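Please show me the model. I would like to question it, from the ligand to the core.

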Amino acid sequence: MLSKDIQYLKGVGPSRAAKLEKLKIYTVEDLLNYFPLKYEDRRRVSKINEIIEPKKYLLKVKLFEKPKLSPIKKNRTIIKAVCKDGTGFITLTFFNQAYLMDKLTEDEFYYVFGDLKIGYGKFEMVNPEIESVDKDWKAKRIMPIYGLTYGLSNNEITKLTRTALEIYYREIENVLPESIIKEYNLLARKSAIKNLHFPANGKAYSLAKKTIAFEKLLIMQLGLFNIKSNINTTETEVKNTLLAEKLIKSLPYKLTKAQLNVIEEIKKDMESQKAMSRLVQGDVGSGKTVVAIYGMLLAVGSGYQASMMVPTEVLALQHYETINQYIQKAKIDIEVELLTASVKAKKKAEVLSRLKEGKIDIIVGTHALIEDNVEFNNIGLVVTDEQHRFGVRQRAKLQNKGKNPHILIMTATPIPRTLALMVYGDLDVSLIDEMPPGRQKVITEIVDEKGKEKAYNFIKNIVKKGRQAYIVAPLVEESEKLELNSATEIFKDLKSSYFSEYNLGLLHGKMPNREKEEVINKFYEGKINILISTTVIEVGVNVPNSVVMLILNAERFGLAQLHQLRGRVGRGNHQSYCILVNESKSKKSRERMNILKSTNNGFIIAEEDLKIRGPGEFFGTKQHGLSKFEIQNLVNNVKTIEEVQSLSRRILSENPDLKGQEYLNLKREITKIFKDEIVFN
Ligand code: ADP
Ligand code: MG
């Protein structure tokens, strides 16, 4: 049985089982699904006289003379064995492997594999793998290289996997229905698994990879579609729109057409008896916050509570203040509270009890909101902002605190159209594809390291005019390993040089929350001229007077992230600038920066990013049980994704509940991953 405890596999035993457990391998099936990270091509036996550069080689050699064993220091030995292959000579050096002296015999041929070094025209391999030709199990093959744990060698994992395949091969059942395997020219699962571990050849490997990717993606896509088609009825029905309308009337600006459309969609959803499950996608600065507040007022106006969950404390605080400003202006008298990890215990207890009693109408907070002790009286709407930071499960947890409340998710991370279904297939999607009028286009410049000084001078001039600026660095503190700018260092440097006459602030994730708040507030109030920060300011921070965004080591960031950072400026009436310091010399890096310079449209940037970096970057890690490895190595292929999407739509229209024997395994796998989120009729 594949689900058999790995302990009982031949060659395992309790101690090895414990080590395997560290790799999350508990059963034979887990072992078979533990795919190699990469491969070593040992198919070709090289001839010594062909060798021109030092690298890994597989050679077939014979001893040229009796090997020499010499002691070095105590208990240490060295063997030098000169070998030949008919075209040349090579010295094999073995440290502390004295036992080889008995095994190496002069008339036998050996395969040796290892890093070949060239010194003074002589070839040498140190501690190569060696085995006699008639016992070969590793040579002449494509060998898997696994992710390892302490005390387990690659050879051990390889052997165990081979054993498991020998014993259990026949038991590996297909997850995909036979008809789909045929239609898309895929492999049977057992053959796919075998070829992922021990590829017979390049073609078999590609097919194997495609088969497993297809399977994973189909599970994910059908799971999401199932969730969407099974959205529950809700008891939260909006009947009173008075508060929400009051908000609209009091706004100091006219809503854009896109905002109005989305507001209308939200209203319609919330007035219906089906729980809303809607994603609002809108570029940075497109005005999503007011749309969310509108939704929350629909809920509150009809007698329900609303919550807004955001990924950082900084953002929570800011939204809390924004909401208060809006409702004060609209003369709406409701209770708004803040709940984050840094709220003091006493205050927290008070907030929690008022929340439970229904005395708080809107609560804004971070992950603290999904803790078990947070109870609502009657939550009607759950908003999450910048959802790419939250997993599906975290969202579900907040949702479960009520009786199927409506759900609204805001995101500024544009997902390329081809991938949207794969990532957001469980949601209805609204688009705010229009910017409020009068927005300045942020001018983007790319400079290299030498351009930094000029950039600092530029900032100086801007600050002299009363504006503010951000300087972002990739690291918090200096690192010995990485030669990158750190916020702390830059802060110290600039304070004592370029900007000694100005007020600088430092902000990073490792600071205590209290200090973070203080710095952000000072920046809001204009008491800090230049804020030096890590990417903690990436999402949501809104200081319209800040007009320059200088990003150090810009090459280290993803395009979407750079676009987000750039979105921190251009929020007021002043011309704004984004200066990217590209400290890499690679052409690809330059290309990526140029995309950012050429457009301010997040969707175009996302599509271009997809072309350059592949789809892996767009999947939240582990959102649906896909590991980082699986995302990068298996499902990282747009064409397969598109095939799976069109197939999923077809299955959904023909057989949404996956009825029938041939869907049984697929259904089981979907349920395994999505657990209680899934309902099949
Ligand atoms: P995001 O979509 O990035 O969350 P925000 O909601 O923070 O954007 O809005 C950015 C800024 O634009 C805020 O200062 C907000 O008051 C303002 N804003 C929103 N909608 C409009 C509009 N229709 N006209 C003018 N300004 C607007
Ligand atoms: Mg926002």
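Questions and answers on the ligand site and the nonpolar cores follow.

This is a predicted model, in which local features need pLDDT of at least 70, side-chain atom pairs count only at pLDDT 80 or more, and totals for chains, interfaces and linings use all residues. Residues are numbered from 1 along each chain as its sequence is written, chains are lettered from A and ligands numbered from 1 in the order written, and side-chain values use heavy atoms, without hydrogens and water.

Reader: Which side-chain contact does threonine 289 make with ligand 1?
Author: Thr289 is among the residues that come nearest to ligand 1. A polar contact is a pair of N or O atoms within 3.5 Å. Here an N or O atom in the side chain of threonine 289 pairs with an oxygen atom of ligand 1, at 2.7 Å.

Reader: How much of ligand 1 does the protein bury?
Author: Asparagine 542 puts a polar side-chain atom 3.3 Å from an oxygen atom of ligand 1. Taken alone, ligand 1 exposes 560 Å² (Shrake-Rupley method, 1.4 Å probe). The protein buries 83% of that.

Reader: Which helix gives the largest share of the largest nonpolar core?
Author: A nonpolar core joins buried (under 20% relative accessible area, 1.4 Å probe, protein chains only) Ala, Val, Leu, Ile, Met, Phe, Trp, Tyr and Cys residues through side-chain atoms within 4.5 Å. The largest one has 69 residues, and Leu218 and Ile670 touch the most other members. Its largest share, 11 residues, comes from helix H7 (a DSSP run of H or I, at least four residues).

Conventions: A residue is near a molecule or strand if one of its heavy atoms lies within 4 Å of it. A polar contact is a pair of N or O atoms within 3.5 Å; within protein, one must be able to donate a hydrogen and the other to accept it, and residues adjacent in sequence count only if both atoms are side-chain atoms. Buried means under 20% relative accessible area, exposed over 50%, partly exposed in between (1.4 Å probe, protein chains only). Helices (H or I, at least four residues) and strands (E, at least two) are DSSP runs, numbered from the N terminus.
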